[in-house]
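The following exercises concern the arrangement of strands and helices in one chain. Each task is followed by a solution in steps.

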Amino acid sequence: MEVAQLSAIKTERVTDTVYQVLRERIIERVFPAGSKINVDEVARQMNVSRTPVHEALSALAADGLVEVRPRRGTFVAEFTERDYAETLDLRRALELLAAESACDYASDQDVAELGDLVARMNRAVTDAESVAEAARLHNAMNVEFHMRLVNLSDNRRLIAMYGDLRAHMKIARAHLDASDWLDRVPVETREHQSIIEALKQRDVDALKLALDNHLRRSAASLIDDIRQSEGRGREG
């Protein structure tokens, strides 16, 4: 019996898979900040050789998610308040840049879909069975809202740079449990609606102003949450 011809698995694909898995584990804090990543153990558990693990870790180091320390090993990066503040500043700069061209490329359907997304965000919070579930669903849709805005820029390099920043932002949110989170939802909804209205009117200045106000307020809240979280950690 003839065996159907098979394609060899490319090493790059194995490396990409290892990279994606490790990246997700770091973002979700399965691998906590400061923890050492055992290359041999990762290779064993994923049933791959050490080479794609090393290659994946090199890519993660370039992303700023791990630190390679000579003669000591590879460790999950630890982020300070300043790291997050700088990341949020870059995020705001990229989104405002995206807004300059989003008005040119956004269709009426794009605007309508953003409005529907905000409505679904609110329903998710209302219908969730717990605050934790509400936070998870709301955050996922909020990430989608801003990613859609950036995608409307039709600028591939800008979109790629923004995608790299998202990993750091997700790490910041993954360990927060702000007690007043639900109180912020109505404010955030109004801000999202102002952004959508400006986009609908194709008013670049109004869009950038609404987006800037929203991102500055959001960044201040997140930094405050981080301070409170770190304070609780020191007390514990």
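**Exercise 1.** Which helix lies across β1, β2 and β3, and at what angle does the helix run to β2?

Solution. The model under study is a predicted one. The helix is α3, residues 50-63. Helix α3 lies across the three strands β1, β2 and β3 and runs at about 115° to β2.

**Exercise 2.** Determine the order of the strands in the sheet and identify the strands at the edges.

Solution. Step one is the order: the 3 strands form an open sheet, arranged β1-β3-β2, with antiparallel pairing. Step two concerns the edges: β1 (36-37) and β2 (66-69) each have a single partner strand, so one side of each is left without a neighbour in the sheet.

**Exercise 3.** Describe how β3 is joined to β1 and to β2.

Solution. Begin with β1, which pairs with β3 (residues 73-76) in the antiparallel sense over 2 bridges. Within this pairing, I37 has T74 of β3 as its bridge partner. Turn next to β2, which is joined to β3 by 4 bridges, the two strands running antiparallel. Here the bridge partner of V68 is T74 in β3. Finally, consider the hairpin of β2 and β3: 3 residues lie between the strands, and R71 takes a positive phi near 65°.

**Exercise 4.** Classify the relative orientation of α5 and α6, and describe their contact.

Solution. First, take the geometry: α5 (residues 108-127) and α6 (residues 131-151) pack at an angle of about 170°, and their axes are 8 Å apart. Second, apply the cut-off: angles over 145 degrees count as roughly antiparallel. The two helices α5 and α6 are therefore roughly antiparallel to each other. Third, inspect the residues that meet: α5 contributes residues including L114, L117, M121 and V125, while those from α6 include L137, M141, F145 and L149. By class, this contact of α5 with α6 has 11 nonpolar, 2 polar and 4 charged residues.

**Exercise 5.** Carry out the corresponding analysis for α4 and α6.

Solution. First, α4 (residues 81-105) packs with α6 at an angle of about 50°, with the axes 8 Å apart. Second, the orientation follows: α4 and α6 are therefore oblique to each other. Third, the contact brings R91, E95, A98 and A102 in α4 together with H146, L149 and V150 in α6. These residues of the contact of α4 with α6 divide into 4 nonpolar, 1 polar and 2 charged.

Conventions. Residues numbered from 1 in each chain as written. Predicted model: local features only at pLDDT ≥ 70, side-chain atom pairs only at ≥ 80, totals over all residues. Heavy atoms only, no water. Pairing = 2+ DSSP bridges. Contact = heavy atoms within 4.5 Å. Axes fitted to C-alpha atoms, helices over the stretch in contact; angles between N-to-C directions. Parallel < 35°, antiparallel > 145°, perpendicular 65-115°, else oblique. Nonpolar A, V, L, I, M, F, W, Y, C, P; charged D, E, K, R; others polar.
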